[in-house]
Every structure is written in C-alpha cells, then in structure tokens.
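Here's a friendly walk through a structure that may be new to you. Take a look at it first, and then we'll go through it piece by piece.

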Amino acid sequence: MPELGKDTSGTTSGATEASSWVGPSTRSVSRGESILEVRDLVKHYPLTQGIIRKKQVGAVKAVDGVSFDLGRGETLGIVGESGCGKSTVAKMLVQLEKPTSGAIRYKGEDITELSGRALKAVRRNIQMVFQDPYTSLNPRMTVGDIIGEPYEIHPEVAPKGDRRRKVQELLDVVGLNPEYINRYPHQFSGGQRQRIGIARGLALNPEIIVADEPVSALDVSVQAQVINLLEKLQQEFNLSYLFIAHDLSIVRHISDRVGVMYLGRVVEIGTDAEIYEHPTHPYTQALLSAVPVPDPTARDHRERIILSGDVPSPANPPSGCRFRTRCWKAQERCAQEVPLLAVPAVFRDADSPAAHDSACHFAEERVVVPR
Amino acid sequence: MLLEVRDLHVEFKTRDGVAKAVNGVNYSVDEGETLAVLGESGSGKSVTAQAVMGILDMPPGRIPQGEIFFQGKDLLKLKEDQRRKIRGAEMAMIFQDALSSLNPVLSVGEQLGEMFVVHRGMSKKDSRAKAVELMDRVRIPAAKERVGQYPHQFSGGMRQRIMIAMALALEPKLIIADEPTTALDVTVQAQVMDLLAELQRELNMGLILITHDLGVVADVADKIAVMYAGRIVETAPVKEIYANPAHPYTKGLLESIPRLDQKGQELYAIKGLPPNLLNIPPGCAFNPRCPMAQDICRSKVPPLFDVAEGRQSACHFWKETLDA
C-alpha cells in the first residue's frame, strides 16, 4: 500500500498530457512481414552424475531444432502434448531460458546474442502471459503494484507521476473496474486474475505476446470471456500472439496458423484450415482424431486413431523420425532418416491445401475432423 | 435402479458462514448406464459424488437432508462399518489426480493387492497374483515385471490405469469417475476413456462420470445432468441436450466452447461469474447471468419442469429456451 500512495501523489499533480499508453513510435514494419523468426532453436538440459565432480552423462533434448516465423498482427498457435517442448520454446522467446543453439531474430536482430541494455530494450517488446493465474501473481502485492511493476524496470515507458493513471487505463482495457487498483489478487476470481496477468503483459506496449496456456486453468464459461478479450486486444493494438495450448479446439479458434510439436520438434505447420482439415502428418491426424467433439451424433461415424504407448523420453529420443515408435506407418526408412519439415514431395506441385510443411516420409492427406 | 439420490443437501461450515454446496439434487443410475454430471468448479458435482461414496469430511461437511438409495438401501442410514464394506467392494471411485491418490511409498502391487487382503481376506502372496491379473486387464504392458514398481515409475496414463484397476478390483456395481482424464494428454485421454467404457460394458457397471468437458460427455454418456450452484438445472438423454438445450445455462455453455470442426467468429461468453456458495442469489441461482431473466426468476426458485420424456429443466422459461 505505501508504494501505491507514492504513485497517487504523483498522479494527481501532473498527469495532464493526453497521450494514450498504446503504441510505441518505433512500429514501422508493415503487416504481413514477419516480426519474429525462429531458426533451428535447440535447448538441451544436461543430465549429470556425481556430486562433487559433475559429469555430464546425457541431455534432455527438450527442444531440438525448431523453426518458425511469426507475422505482425498474426496468431501462431503451438499445440502438442506435455513434454513436447512447447513451454520451453515460450521461455526462450522471452529470454527466460538461454537456447543451447539457434537463433531468435526479432526484426532481423538475433536476440539470443544480446545482453545488457540492448536485451532489455527487446524484452520490452516481447511479453508473456502465464498459465496459472493463481501462482503467477504475487499475493502480497496490490493489483496496482503488479501491473505497474514493469514500469519500475522500464521507466521510460511511463514517468512516475503517470503510472497510476496508466494502470487504471490498463485495468479498464482488460475489462476490470479501475477502482480495484488497491485490491489484492486473492480478492479476484480466476478469470479476473488472468485479466490482471494480461494487463501486466500489456503494460509496456509490447508487439509480441507469448501466451502459455492462458485459459487452461479457467472454467469453461470464463474461458470464452478471456479468449474474446485476447482477440479484441490483438485487433486494437495490432499484437502478434504466440499462443501455446494443448486444447486443439481453442487453438483453432484463435490462430491464423498452427504448428504441431512432438518431442522437441515441429512435425507439421500451416494455416488453421491446412492443419485441421487437411493434415498430412500421422501424429497430427491421431491428435485431432482423439479430441472429443461436443456432438453426440458424431461419435458413431467418427474415425478415431488410438495411438499405442506413451511419448518416449526426451533424454533418449528414437532415431530418425521421433514419432516412429507410435506410428502405424513406420518403416525402415523412418528409423534411419530424419524427416525434414518441408512440403512433402508428393504434394510439391499440387495446388491443394495439403501442400504445407509436414515432417513425414510417408505424408498423405487424411480427413479426421468431421465437417 | 442401482443408485438413486433423492433431494440431497450438503453444506459446509466455514469461518464466513455456511456454504451450501449441494441444494436438493436428484439423480439415478442403472446398471450398465453412464450418467455424466457436468458442471464448473463449485457447482457441487464432486461433493455430491463424495456424499454418495461416503467420503465427505464431516465436519465441516453436513448432510442436513436427503436420501441415497443404493440397491434399495438408504446409505445415509447405515453405520460407518457397514458403509466401509460397501465402499470399494460395491461402489468405487476413480480420482482425477492419480499421482496424489496413490501412496508413493507402497508398490502398485501392494496397493492393488490390499483390496483383496482387506475385503476378501486373501494372503499377501495370492493378492499379488491378483494384482498382476488386474494390471493385465487394464493393459499395462509387462505387468508381471512392473507389479513391484512404485507410482512415480509410471507415466500419467499408466497411473490412471492403475487407479482404474484398483477401482475394478472387486468388480463393483457402480463406478464414480471424478474427472478421470482431465490431467491426461489428448491421445492418452482417448486410450483411458476407451478402456473405461469397454470394462464398463464387460462388467455391466453403472458409471457416474463427473466432468466439465462437454466433448468427453458427448463421446461416452447415455444421459447427462447439468449442475449449477448445487442444483441440477437440466437433465436429459445426451443426444437431445446437445441438439436442443432447455436451460439457458446449458445453452450458453454449448455456445461458449470453440469447436474443432468449425472456425467460428467471436465466442458467445456467459457474462459474469458463478455465484459465491455462501451467498447464492435468491430465485434461480443463474438469474444474474441469464439473458432471459425476468422478475419471477429473481423471486421464485424454478423446480425441475418436465420438458419431454426423460427430460427436465429448472427454468421458468424452458419453452422459450427450447424454441429460441
């Protein structure tokens, strides 16, 4: 509370200029151009043995060669099961984890090589919204302190006297009553807390928001509210989203393009229609066919691909194609040769939605989502 | 009828007052039938199930009113030692989080075998053989080798299979599964639901499936009861409720979920929040969030109106909702 008092005194004195909190002047890249390019991103966590002299005996290959582009104003959805590396990718994008190798280019500049002031400047533009609104907000800070904290680190965005007003504007933008500024997180419901998390992500006028499972902790009726809010904010501020989730229905709803990850790699990537209506990778097909559809009339004529077994350990992934141990199409070649993420040869000259990047030697189109 | 819950009320004493978690629930399940109880957190769906199983913490919980008939006997009138004989043997429960429901310091074989030692007076050695048999039944590979392993050595899907094996051990008549696949990945979720449905058919058990996932319900349930603020607001055969809901809450839920097979526009969002159970709104509990609410909704609690054969809706305006 005392800190907020400090803010208040400043606000009342001199916040007169009417400049909106949105939109840094540096936004010049035109729509359609990619704002973020990820190339061959790798993250290995070492496995060590011994207490005194730690000897590396292996590595958990959490992310092992991931590449994608994110366009301005675009939403790229990343789906995959637990352990596929999607959250690790998110952490590397916001530089919470340092990649083992690979590049993350933000407007052409590799941010993995930046440090100090330059890194700080980039971080301002790439912000994160976390999954669990119960643990990602400090219970001993007021909402005003939580949303205003980014300004402590980046004072150039909001001069001290202006902060309280900006926080209140942010609360209004995410659909919360600006008068709640002095309340604590426990006084809010899950959906409201996630709004607070989103407001904090927006505080520094970022261009890119990395959202890691932002609605999976919320009740069904509240999920829709938060998704609608995210879509509204994207249009209003021309944000680019990297939207990570395991719920394929939600990802389809919000995404322009979708990437499917399995065991540290992207196996298939394309527009939402390409992935959902014309999947060519067997893993995508199995994943889509396993999603329960809220339509009891569909259950009788729906084709289901039930995979056997579990995801192998990322410390010791299968050779060649990583999906081959669970794949019904696997052949000798799959164990020998790593399939590249590219348009499969069979579709190369085809003018069809099936002609999108898919890392499978035996890619073929199969419709698994009833239309 | 295998199980019949009649006018069940459950409340919890808290520091801030009495939380009315369940306010007059009626439902029934027959042998071989699957009832899905759908609701959001705080709707009372799990508390009802806990009352049926007899595993409510009392106090702070209290059942001021209601009857639970299981195979003709009112469970609430039985003594604790009689209930204990029923629990596990006649009815069993599968929980959401297998890792925290299994004992980490006992091997899965010991935990599975314990059922036979306690309820059937079997020797340890025989119970171990039974445990292997059960693990085979829920299709855990290499059951013989893995029976001595501990829960942390199994994957999430395998742990949930062990939970299912444990529930099935004594071939109960009724299984209550509380969000059995929520913690699992999609592909594993499909494996586990398939297994559960198959075993249910095989043993002709009644199944109460508690979930918030409208997709899972559509896949496996025969009938459905939608709960809101401790009451059933709509109950119907599963096909009819999805095609034409008779309660605005059900309708709102169905419209608010994105669909895998459709790329929609803006989602319909039910405004506001579920009510605080310490202070449930008068009249229909859903009225502050309902687009159709009128004066009568704020003053009079709607009873369950008969909408059609086997269908009921607790809405004063069920006709208008159906027609809309």
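Where in chain B is the place of B:Arg139? You'll find B:Arg139 in the loop between helix H5 (124-137) and helix H6 (143-146) of chain B. Keep in mind that this is a predicted model.

**Backbone oddities**

Let's stay with B:Arg139 for a moment. Its phi is positive, about 60°, although B:Arg139 is not a glycine. Most residues other than glycine have a negative phi, and most peptide bonds are trans. B:Arg139 counts as partly exposed because it has 14 C-beta neighbours inside 10 Å.

Chain A offers a case of its own. A:Asn238 isn't a glycine, yet its phi is positive at about 50°. Look for A:Asn238 in the loop between H7 and strand S8 (240-245) of chain A. With 14 C-beta neighbours inside 10 Å, A:Asn238 counts as partly exposed.

Then there are the prolines of chain B. The bond from B:Met58 to B:Pro59 is cis, with omega near -15°, and a cis bond also joins B:Pro59 and B:Pro60, where omega is about 10°. B:Pro59 sits in the loop between helix H1 (45-53) and strand S4 (61-70) of chain B, and B:Pro60 lies in the loop between H1 and S4 of chain B.

Here are these backbone angles in one place:

| Residue or bond | Angle |
|---|---|
| B:Arg139 | phi about 60° |
| A:Asn238 | phi about 50° |
| B:Asn204 | phi near 55° |
| B:Met58 to B:Pro59 | omega near -15° |
| B:Pro59 and B:Pro60 | omega about 10° |

**A helix in chain B**

B:Asn204, with its positive phi, follows H8(B). How far apart are the end C-alpha atoms of that helix? They are 26 Å apart, which agrees with the 26 Å that the 18 residues of helix H8 (residues 186-203) of chain B should span at 1.5 Å a residue.

H8(B) has a good run of buried residues, including B:Val186, B:Thr187, B:Val188, B:Gln189 and B:Ala190, and also B:Leu196 and B:Gln200. What covers the buried residues of H8(B)? The cover includes pieces of both chains: helix H10 (282-290) of chain A, along with strand S3 (34-38), helix H7 (156-168), strand S7 (174-178), strand S8 (206-211) and helix H9 (214-220) of chain B.

**Chain A as a whole**

Chain A has 11 helices and 10 strands. Its C-alpha atoms fill a box of roughly 75 × 60 × 40 Å, taken along the principal axes. A compact globule with 371 residues would have a radius of gyration near 21 Å, and chain A, at 22 Å, agrees with that. Of the 371 residues in chain A, 47% are buried. If you take the contacts in chain A with a separation of 6 or more, 67% of them are between residues 24 or more positions apart.

The chain is divided into domain 1 (34-255) and domain 2 (259-347), and the C-alpha centres of domain 1 of chain A and domain 2 of chain A lie 27 Å apart. Across the boundary, 24 residues of domain 1 of chain A are in contact with 18 residues of domain 2 of chain A. On the domain 1 side, strand S2 (55-71), strand S3 (75-79) and H8 of chain A are the elements that give two or more residues. S2(A) gives the most, with 10 residues. By type, that side divides into 12 nonpolar, 7 polar and 5 charged residues.

**Where the chains meet**

How many residues of chain A are in contact with chain B? There are 38, and they touch 40 residues of chain B. On the chain A side, helix H7 (220-237), helix H8 (248-254), helix H9 (272-277) and H10 each supply at least two residues. H7(A) gives the most, with 7 residues. The chain A side divides into 18 nonpolar, 10 polar and 10 charged residues.

**The nonpolar core**

The largest nonpolar core has 191 residues, and those with the most contacts inside it are A:Val210, A:Leu242, A:Val260, B:Ala165 and B:Ile224. H7(B) provides the largest share of this core, 8 residues. Domain 1 (34-255) and domain 2 (259-347) of chain A both give residues to this core, so it lies between them.

To finish, zoom in on A:Val210. Leaving out residues up to four places away in sequence, A:Val210 touches A:Ala90, A:Leu93, A:Val94, A:Ile126, A:Met128 and A:Leu242.

Conventions: Residues are numbered from 1 along each chain as its sequence is written. Chains are lettered from A and ligands numbered from 1 in the order in which they are written. This is a predicted model: local features need pLDDT of at least 70, side-chain atom pairs count only at pLDDT 80 or more; totals for chains, interfaces and linings use all residues. Helices (H or I, at least four residues) and strands (E, at least two) are DSSP runs, numbered from the N terminus. The expected span of a helix is 1.5 Å times one less than its number of residues. A residue is buried if 20 or more other C-beta atoms lie within 10 Å of its own, exposed if 12 or fewer, and partly exposed in between; C-beta atoms are placed from the backbone. Two residues are in contact if their C-beta atoms, placed from the backbone, lie within 7 Å. Ala, Val, Leu, Ile, Met, Phe, Trp, Tyr, Cys and Pro count as nonpolar, Asp, Glu, Lys and Arg as charged, and the others, Gly among them, as polar. A nonpolar core is a set of buried Ala, Val, Leu, Ile, Met, Phe, Trp, Tyr and Cys residues joined through C-beta atoms within 7 Å. Domain bounds come from an automatic or database domain assignment. The radius of gyration is taken over C-alpha atoms; the globule rule is 2.2 Å times the number of residues to the power 0.38.
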